[in-house]
Amino acid sequence: MAALVGGVALLGLAPPASAAPGDAAGTALRIDLEAGVGVVPGLALDVGALLGSVTAPPDDSVTGLGVAAALAGATGLTASNGVVSAAATSGATGSEGTSEVDGLLLELLGVPTSATVLAGTATCPVGGAPVAAAEVTDLSVLGQTITATVPGATVTVDAAVASLAVVDARLVASVTTDVETTTATTATARALQIDLQLTATVAGLPVTVPLGQVVAGEASCTTPAVAPPVVAPTAVGLTPTRARRPAAPR
């Protein structure tokens with residue numbers, strides 16, 4: 001398992017166990033991108049990172065983490081701006097997870113993706129209904145403005161990749177925004193999910209290469225279990241046995 005330092009961790013981790021009552025989590029930015037070597041000439045992409053990832057209990061938070069510094073040295077992806085924060089709390093009154101990315105600017109194979117705000121909040125109060133909320137402001141994916149009219153809807157955009165010396169190289173992104181889900185005891189929010197692939201013509205043949213995923217503004221929570229009321233034991237009265245009088249001598 002990779003170490004988590006300052007809210008940043010490498011991916012390649014086993015999936016977490018199912019959330020227990022009172023659990024909460026927030027992950028501001030999750031990137032899992034990779035391209036097989038040699039499939040498309042000149043294609044180099046290898047990025048796996050969690051930025052601003054926290055869980056509770058115990059309570060945890062991370063603020064002011066710079067995306068550019070965290071992704072320095074990544075192959076095929078650069079970040080010139082962005083700050084992430086996340087928090088997770090759990091207590092007797094409820095649990096909550098939050099995460100946010102502000103001022104994000106990424107370039108994938110030289111093609112820009114940006115957003116002013118990507119945020120998610122999940123709140124699970126004891127005695128109340130769980131609430132999930134996602135926020136997406138000024139989102140542009142592969143240089144194209146994304147205006148989602150239906151929460152959870154997916155749109156597809158594409159853009160040419162000039163950095164690859166192959167014919168018709170294009171990035172294709174399936175973009176899902178504002179996912180908010182609740183049950184009687186849980187809430188999950190996700191501001192943005194981008195599933196990416198590359199299409200090109202190599203040696204006269206069409207090629208499609210799955211690249212992976214970028215996710216931002218994730219949060220989740222589970223309502224804490226309510227302890228049953230403590231019932232004080234009730235004393236049961238006992239009737240003393242009357243002592244038997246000794247028989248009179250004859």
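Visitor: When do two strands pair here?
Guide: Two strands pair if DSSP finds at least two bridges between them, and strands themselves are DSSP runs of E with at least two residues (helices are H or I, at least four), numbered from the N terminus. This is a predicted model, in which local features need pLDDT of at least 70 and side-chain atom pairs count only at pLDDT 80 or more, while totals for chains, interfaces and linings use all residues. Residues are numbered from 1 along each chain as its sequence is written, and side-chain values use heavy atoms, with hydrogens and water left out.

Visitor: OK, how do β12 and β13 pair, then?
Guide: Strand β12 (residues 167-182) and strand β13 (residues 186-202) pair in the antiparallel sense over 13 bridges, and they form a hairpin with three residues between them. Threonine 181 has threonine 188 in β13 as its bridge partner.

Visitor: And what joins β13 to β14?
Guide: Strand β14 (residues 205-222) runs antiparallel to β13, joined by 16 bridges. Two residues lie between them in a hairpin, where alanine 203 in the turn has a positive phi of about 55°.

Visitor: Switching topic, is threonine 177 buried or exposed?
Guide: Threonine 177, which lies in β12, counts as buried because its relative accessibility is 2%; buried means under 20% relative accessible area, exposed over 50%, and partly exposed in between, with a 1.4 Å probe and protein chains only.

Visitor: Which residues does threonine 177 touch?
Guide: Leaving out residues up to four places away in sequence, threonine 177 touches residues including Val136, Leu139 and Arg190, where contact means heavy atoms within 4.5 Å.
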